[in-house]
There are 2 protein chains.
Amino acid sequence: MIKIIVDCFGGDHCPQAPVEGAVKALASFPDLYVILTGDEEILRGELQGKSYDSSRLEIVHAPQVISCNEKPTDVIRLKRNSSMMKAIMMLRDSDDIAGMVSVGSTGALVTGALVRIGRIRGVIRPAFCPLLPTVKGGIVGVCDSGANVDVTAAHLRQFAIMGSLYMENVYGIEKPRVALLNVGVEPEKGDEIRREAYSLLKDTDCVSFVGNMESRDLLAGNYDLVVCDGFSGNVLVKTTEGTAIELLKKVKKDIFSRILYKFGALFLLKMFKEEKEFFDYQNYGGSVLLGTSKVVVKGHGSSKARAIEKCIEQAYRMETSGLSSKIEEQIARYEHFEE
Amino acid sequence: MIKIIVDCFGGDHCPQAPVEGAVKALASFPDLYVILTGDEEILRGELQGKSYDSSRLEIVHAPQVISCNEKPTDVIRLKRNSSMMKAIMMLRDSDDIAGMVSVGSTGALVTGALVRIGRIRGVIRPAFCPLLPTVKGGIVGVCDSGANVDVTAAHLRQFAIMGSLYMENVYGIEKPRVALLNVGVEPEKGDEIRREAYSLLKDTDCVSFVGNMESRDLLAGNYDLVVCDGFSGNVLVKTTEGTAIELLKKVKKDIFSRILYKFGALFLLKMFKEEKEFFDYQNYGGSVLLGTSKVVVKGHGSSKARAIEKCIEQAYRMETSGLSSKIEEQIARYEHFEE
């Protein structure tokens, strides 16, 4: 059995979406076991009328609520009975639980994971790696997208190693093409950190480093993983999301405000819905946290059931692919650390 | 007369686009005087058959060619007779020349402007400020978009002051709403630099600071100026450009691959052309360099005549609005510097 905890509170569509996502995931993976954390009574109510294998689903009561903008350190200290902290503590304490999925506060999740769960041996800083769709129909990972606003070249190299192993082992992309996000493609571009990272990555034989990338080329489909600091990675992912949403809205409005005939309108409406789905990165799963000693997947706060199902699937695949030990093995080849 | 130099080489459509752009700008502004730099014979040939007021156009021979990827410092030292360096030196030496427009190498232009032209008194670092369209039909400035990959909070405050004065004086936006690019909207988000900049900006009374902004909200039209370091600003602008281009291409392809009827196809083609124009930031002018003691406008390397005409117009309006002295005046209120 692969045991995954699903934190059922903290998002826009909670607890309906996590509960429904968990039920769907149970149907897809016969060896998946799900533990839901949150207010037991509410969760029982949400499960009523749903059909699932009850021998593979468990509820752990965690009634405390994390309020908006609560400080991560306060959450860890004071909200031990919240759905998120309960999940984190169980993940730390139970060897047979593989990972967790949460759509709650990013700050609390990262801090909780770092402080309570810890890192894979050799990893300096865990990093987020969400996926975006490319216009060629593939996906591209972005690591880091916000866990670390300050980085060094050594961090960037580790993001490349971890992200590369993730794209290969979880998504079956052989020798993922890894690019370094920069302000130009020439090796000497950017700040000192970027130039140092460029030369480190060139010499990292387990990474297929293809050089610097300008952000305008992200969606073209020429790269499988983009490596960056968490600040610019966050800008990269959110700008893509924002531009796609605003542009589709505008194009749709412009078409329909000028359509003088009804013919074709239904077809176009359907198409715009598909385009929106295509560019909605939630459909590609959550932002996995790479480098923690147990699997942690962060879903978008606005995740619906389908997105959470995807997150559970990601956690499942990260565990079954043995990603953690592969990361430990490769990181060890480049880092010198004390036992 | 407002004298503007147009560097006629270094871009994809050179020298046709700069020459045509200059001729168009001359027709729009009766008190504009244009100096074209570049190979005189080629420029004379390009001007043949065009109608313009020859008493307001001058050619300065500068036959040297800057090759691709030439180091900025080498350009300054060795290419004094290139169209760009000639323009920079004339701008420095002639009191009656107001500014220059170039579509050549960004690195060479920034370095040349800094070393040869110098800064407005009190300005620590000049910064680029391109404009992007918003879906509400307005524009938003991004400062800095790439001149400074490393910044401090004090730099960010100056970018806010300069950008704010630019949006107000050149585009007539009263009390521009200024936001700080960050990974979240809460004041404590981001790194130390962002947190310090947040508190500096709150206390800068000549700037209408509205707080942190996440990059997904750039195009929504709620801000007039976004302040950021040159690295993430570059990511912001180029991601918007890249996403818009790729997405429009995809939506267009998807519509036309499934249209089984001809009715409406022409209308849609026309509309997609308009959308592309709308999201093409070249149509909103070049990236002006704010903080140099003379006006410097950098056009996109792929600028066509219309884009260069816009750049000349920007340079003209920056000069006639007295932007430089306004920047000096406001910067002096916040900075303590030696005479």
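Here are three short exercises with worked solutions on this predicted model.

**Exercise 1. The two chains**

Work out which rotation superposes chain A on chain B, and how the copies meet.

*Solution.* Start with the superposition: a rotation of 180 degrees, with 0.0 Å of shift along its axis, brings chain A onto chain B at an RMSD of 0.0 Å. The two copies are therefore related as by a two-fold rotation axis. Next, look for the C-alpha of chain A that is nearest this axis: it belongs to A:Ser232, 2.6 Å away. Finally, turn to the interface: 100% of the interface residues of chain A are interface residues in chain B too, so the copies meet through the same surface.

**Exercise 2. A helix pair in chain B**

Describe how α8(B) and α9(B) pack, and which kinds of residue make the contact.

*Solution.* Two packed helices are described by the angle between their axes and the distance between the axes. For α8 (residues 230-258) and α9 (residues 265-279) of chain B, the angle is about 175 degrees and the axes lie 10 Å apart. Angles over 145 degrees count as roughly antiparallel, so α8(B) and α9(B) are roughly antiparallel to each other. Now list the residues: the contact includes B:Leu248, B:Val251 and B:Ile255 from α8(B), and B:Leu268, B:Phe272 and B:Phe279 from α9(B). Sorted by kind, the contact residues are 10 nonpolar, no polar and 3 charged.

**Exercise 3. A strand pair in chain A**

Find the sense in which β2(A) and β3(A) pair, then the handedness of the crossover.

*Solution.* Strands β2 (residues 32-38) and β3 (residues 57-61) of chain A pair in the parallel sense over 5 bridges. A:Thr37, for example, stands opposite A:Val60 in β3(A). Then follow the chain from β2(A) through helix α2 (residues 40-47) to β3(A): this β-α-β crossover is right-handed.

Definitions and conventions: Residues are numbered from 1 along each chain as its sequence is written. Chains are lettered from A and ligands numbered from 1 in the order in which they are written. This is a predicted model: local features need pLDDT of at least 70, side-chain atom pairs count only at pLDDT 80 or more; totals for chains, interfaces and linings use all residues. Side-chain values use heavy atoms; hydrogens and water are left out. Copies are superposed by least squares on the C-alpha atoms of residues with pLDDT of at least 70 in both. Contact means heavy atoms within 4.5 Å. Axes are lines fitted to C-alpha atoms, for helices over the stretch in contact, and angles run from 0 to 180 degrees between N-to-C directions. Helices (H or I, at least four residues) and strands (E, at least two) are DSSP runs, numbered from the N terminus. Angles under 35 degrees count as roughly parallel, over 145 as roughly antiparallel, 65 to 115 as roughly perpendicular and the rest as oblique. Ala, Val, Leu, Ile, Met, Phe, Trp, Tyr, Cys and Pro count as nonpolar, Asp, Glu, Lys and Arg as charged, and the others, Gly among them, as polar. Two strands pair if DSSP finds at least two bridges between them. A crossover is right-handed if, with the strands pointing away from the viewer, the path from the first strand over the helix to the second runs clockwise.
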